[in-house]
Amino acid sequence: MVTAVEGSFWRTVAVFRAASLAYALVVFLRAGGYADPAVGWLVLGVMALWTVATVFAYSIEEFRGRPLLAADMLVTVGCLLATPAVQGGYQEDSLPITATWMGGAVLAWGVYGGRRAGAVAAAIVSLADLWTRGAGGMEFEKLPINGTVLLFLAGVLVGHVARLARKAEARMQEAIELEAAGRERERLARGIHDSVLQVLALVQRRGQEVGGEAAELGRLAGEQEAALRELVSLRPGTPAEGSADLRVLLQRYGSGSVTVSVPGTPLTLPAAVAAELAAAVGAALDNVARHCGERAPAWVFAESDDGIVTVTVRDEGPGIPEGRLEQAAATGRLGMAQSIRGRVEDLGGTVTVVSAPGRGTEIEMSVPQPC
């Protein structure tokens, strides 16, 4: 698919080729046809036909590729090498029969392949130009390098700008798609709020009123309502390949008793790091359920600041007596030591535990976020 930016570059190359062809014709006529006008008109005819062919071919994505670029370079170099036959001998200020037309192939290579391809094309055309000047009798010390420098600058700069323009357009398209996805998500969220969430809330209330098995059904409906409400509130993100959005992993722990609070923007981490950190959070919530009760309230907070992702798990349980963690580790109960602290420290992070009897427990896990 030809993008708008890429299409504009190829149209610019086409305009350059046509203008350069006209300039080559003016140079040829002003020189009186050079030494052999018949050969000169033949070369100009080839240049004109190839200009029309390339303007058409480069405008079609299916034709654009290495075979066409190679053919473009061969025709350009061939016309350039015909210069000694047309001009007979070089003057120091003379131009080749191709004049500036030979730069079209250099620009085409740069637009297609970037600055490196543009530099390679400039080197090929420049070497051919310098060889023809030497074959025309010009002394090596007098060979001009201004044209060579200009070709290199044109190839490298155009190639670099074309590559940057493609990246910018791709990011713009990605932003447009994200915006469209966000609007669609908001539309779906409104529909879910007006239907599914209200039904789940109604089931929760009625279940609590009826009691018995209906109360358990109401409790499950309440947990699903909380999880769904958190899910539809997330803003869409596009983690890079091999990465994961930690928010999505943490939302799985949301329930009627566990409140998960995350930022509106993605918390992107390497997939393995995100999975291990989420597992450590799960281990902390298991401890809350074990020591505080299955229905004990707990809170999970996630944030990112200065390249550090921090997840905090807090409860309002009985707290951890002083020395309890060391005692548990000594007796082989390694939930905190290995499942939480060990996981996070293996990721290059830190774990801070703040607790006091009767005041609950707060576990803060921090890991570095790659740039």
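Me: Let's start with Asp315. Is Asp315 buried or exposed?

Reply: The idea is to compare relative accessibility with a cut-off, and buried means under 20%. In this predicted model, Asp315 has 10% relative accessibility, so it counts as buried. Asp315 lies in strand β5.

Me: How many residues of β5 are buried?

Reply: β5 is mostly covered, with 6 of its 8 residues buried.

Me: Which residue 46 positions away along the chain has its C-alpha 5.5 Å from that of Asp315?

Reply: That's Thr361: the C-alpha atoms of Asp315 and Thr361 are separated by 5.5 Å, with their positions 46 residues apart along the chain. Now look at the strand pairing there. β5 and strand β7 (residues 361-368) run antiparallel and are joined by 8 bridges. Within that pairing, Val309 stands opposite Val367 in β7.

Me: What about the other neighbour, β4? How many bridges join β4 to β5, and is the pairing parallel or antiparallel?

Reply: There are 8 bridges between β4 and β5, and the two strands run antiparallel. You can follow the ladder pair by pair: Asp305 has Ile308 of β5 as its bridge partner, and Ala302 is partnered with Val311 in β5. While you're looking at strands, keep a general point in mind: side chains in a regular strand alternate between the two faces of the sheet.

Me: Which strand pairs with β4 in the parallel sense?

Reply: Strand β2 (residues 258-261) does, over 4 bridges. To find the register, start from Thr259, whose bridge partner in β4 is Trp299.

Me: Now the turn between β4 and β5. Which residue in that hairpin takes a positive phi?

Reply: General idea to begin with: most residues other than glycine have a negative phi. Here the hairpin has 2 residues between the strands, and Asp306 takes a positive phi near 55°. Asp306 is found in the loop between β4 (298-305) and β5 (308-315), and it isn't a glycine.

Me: Is Asp306 buried or exposed?

Reply: Exposed means over 50%. Asp306 has a relative accessibility of 73%, so it counts as exposed.

Me: Where else should I look for a positive phi in a residue other than glycine?

Reply: Try Ala99, where phi is near 50°. Ala99 sits in the loop between α4 (83-87) and α5 (103-113). Its relative accessibility is 3%, so Ala99 counts as buried.

Me: And α5 itself, which residues are buried there?

Reply: Reading a helix for cover means going through it residue by residue. α5 is mostly covered: 9 of its 11 residues are buried. Among the buried residues are Gly103, Leu107 and Trp109. Just after α5, Gly114 has a positive phi of about 95°.

Me: Can we do a contact between distant parts of the sequence? What separates Ala18 and Trp101 in sequence and in space?

Reply: You put the sequence gap beside the C-alpha distance. Ala18 and Trp101 are 83 residues apart in sequence, and 8.3 Å apart in space from C-alpha to C-alpha. Ala18 belongs to helix α1 (residues 4-30). Its relative accessibility is 40%, so Ala18 counts as partly exposed.

Me: Let's move to charge on the surface. Which residues gather in a patch of negative charge?

Reply: For a patch, look for like charges gathered on the surface. The negative one here consists of Glu303, Asp305, Asp306 and Glu364. You've already met Asp306 in the loop between β4 and β5. Glu303 is in strand β4, and with a relative accessible area of 48%, Glu303 is partly exposed.

Me: And which residues gather in the patch of positive charge?

Reply: Arg115, Arg116, Arg163, Lys167 and Arg171 make up that surface patch. The next step is to ask which elements contribute: α6 (115-135) and α7 (146-194) each supply at least two of its residues.

Me: Which helix gives the largest share of the positive patch?

Reply: α7 does, with 3 residues. From the α6 side, take Arg116, which lies in that helix. Arg116 has a relative accessible area of 72%, so it's exposed.

Conventions: Residues numbered from 1 in each chain as written. Predicted model: local features only at pLDDT ≥ 70, side-chain atom pairs only at ≥ 80, totals over all residues. Heavy atoms only, no water. Buried < 20%, exposed > 50% of the residue type's maximum accessible area, 1.4 Å probe, protein only. Patch = residues over 30% accessible without salt bridge, like charges linked within 9 Å, V, L, I, M, F, W, Y side chains within 5 Å. Areas by Shrake-Rupley, 256 points an atom, 1.4 Å probe, with all protein chains shown as cover. Salt bridge = Lys/Arg side-chain N within 4 Å of Asp/Glu carboxyl O. Lys, Arg positive; Asp, Glu negative; His and termini not counted. Charge placed at Lys NZ, Arg CZ, Asp CG, Glu CD. Pairing = 2+ DSSP bridges.
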